[in-house]
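This note is addressed to a colleague who meets the structure for the first time. Please read the points below with the sequence and the model at hand.

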Amino acid sequence: MSLYESGESTGSVSLTKLFEGETFEPQPNNIDLERIAYLTCRHH
């Protein structure tokens, strides 16, 4: 399940579009480093 599917991401950045050359503006968020590490390493 993706972060978007679990409601933990807005889906505002698409990896597909990035690989196609589209750029994006960084967006502020309130996720701390510990939460980012957890979301990156977890599995279902």
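The numbered points below deal with the overall form, the surface, the salt bridges and the main pocket.

1. Nature of the model. The structure is a predicted model, and the remarks that follow should be read accordingly.

2. Overall form. The chain has 44 residues, of which 2% count as buried. Its secondary structure consists of 2 helices and 0 strands. Along the principal axes, the C-alpha atoms fill a box of roughly 30 × 25 × 15 Å.

3. Accessible surface. For the chain, the accessible surface comes to about 4300 Å². Carbon and sulfur atoms account for 55% of that surface.

4. Nonpolar patch. Which residues form a nonpolar patch on the surface? They are Val-13, Leu-15, Leu-18, Phe-19 and Phe-24, and together they offer about 530 Å² of accessible area. One of them, Phe-19, belongs to helix H1, which spans residues 15-19. Phe-19 counts as exposed because its relative accessibility is 74%, and the cut-off for that class is over 50%.

5. First salt bridge. The structure holds 2 salt bridges. In one of these, the side chains of Glu-8 and Arg-35 meet at 2.8 Å, taken from N to O. This pair links distant parts of the chain, since Glu-8 is in the segment before H1 and Arg-35 is in helix H2, 27 residues apart. As a general matter, side chains of opposite charge can pair when their charged atoms come close.

6. Second salt bridge. Glu-8 also meets the side chain of Arg-42 in a salt bridge, with an N to O distance of 2.3 Å. Here too distant parts of the chain are linked: Arg-42 is in the segment after H2, Glu-8 is in the segment before H1, and 34 residues separate them. Through shared partners, the salt bridges join Glu-8, Arg-35 and Arg-42 into one network.

7. Exposure of the network. Are the members of this network buried, exposed or partly exposed? Glu-8 has a relative accessibility of 22% and therefore counts as partly exposed. Arg-35 is partly exposed as well, with a relative accessible area of 36%. Arg-42, at 21% relative accessibility, is likewise partly exposed. The reasoning rests on the cut-offs, because buried means under 20% and exposed means over 50%.

8. Largest pocket. The largest pocket has a volume of about 670 Å³. Its lining comprises 19 residues, and those nearest its centre are Leu-3, Glu-8, Ser-9, Thr-10 and Gly-11. Glu-8, named above for its salt bridges to Arg-35 and Arg-42, thus appears again in this lining.

9. Make-up of the lining. By class, 9 nonpolar, 9 polar and 1 charged residues line the largest pocket. Helix H2, covering residues 33-41, gives the most to this lining, with 3 residues.

Methods:
Residues are numbered from 1 along each chain as its sequence is written. This is a predicted model: local features need pLDDT of at least 70, side-chain atom pairs count only at pLDDT 80 or more; totals for chains, interfaces and linings use all residues. Side-chain values use heavy atoms; hydrogens and water are left out. On a 1 Å grid over the protein atoms alone, a cavity is a set of points where a 1.4 Å probe fits but cannot get out, and a pocket is an open set with protein on both sides within 12 Å along at least five of seven lines; lining residues have an atom within 4 Å of a point. Grid points are joined across faces, edges and corners, and a volume is the space filled by probe spheres set on the points. Helices (H or I, at least four residues) and strands (E, at least two) are DSSP runs, numbered from the N terminus. Ala, Val, Leu, Ile, Met, Phe, Trp, Tyr, Cys and Pro count as nonpolar, Asp, Glu, Lys and Arg as charged, and the others, Gly among them, as polar. Buried means under 20% relative accessible area, exposed over 50%, partly exposed in between (1.4 Å probe, protein chains only). Accessible areas come from the Shrake-Rupley method with a 1.4 Å probe; for residues, only the protein chains shown count as cover. Patches are made of residues with over 30% relative accessible area and no salt bridge: like charges are joined within 9 Å, nonpolar side chains (Val, Leu, Ile, Met, Phe, Trp, Tyr) within 5 Å. A salt bridge is a side-chain nitrogen of Lys or Arg within 4 Å of a carboxyl oxygen of Asp or Glu.
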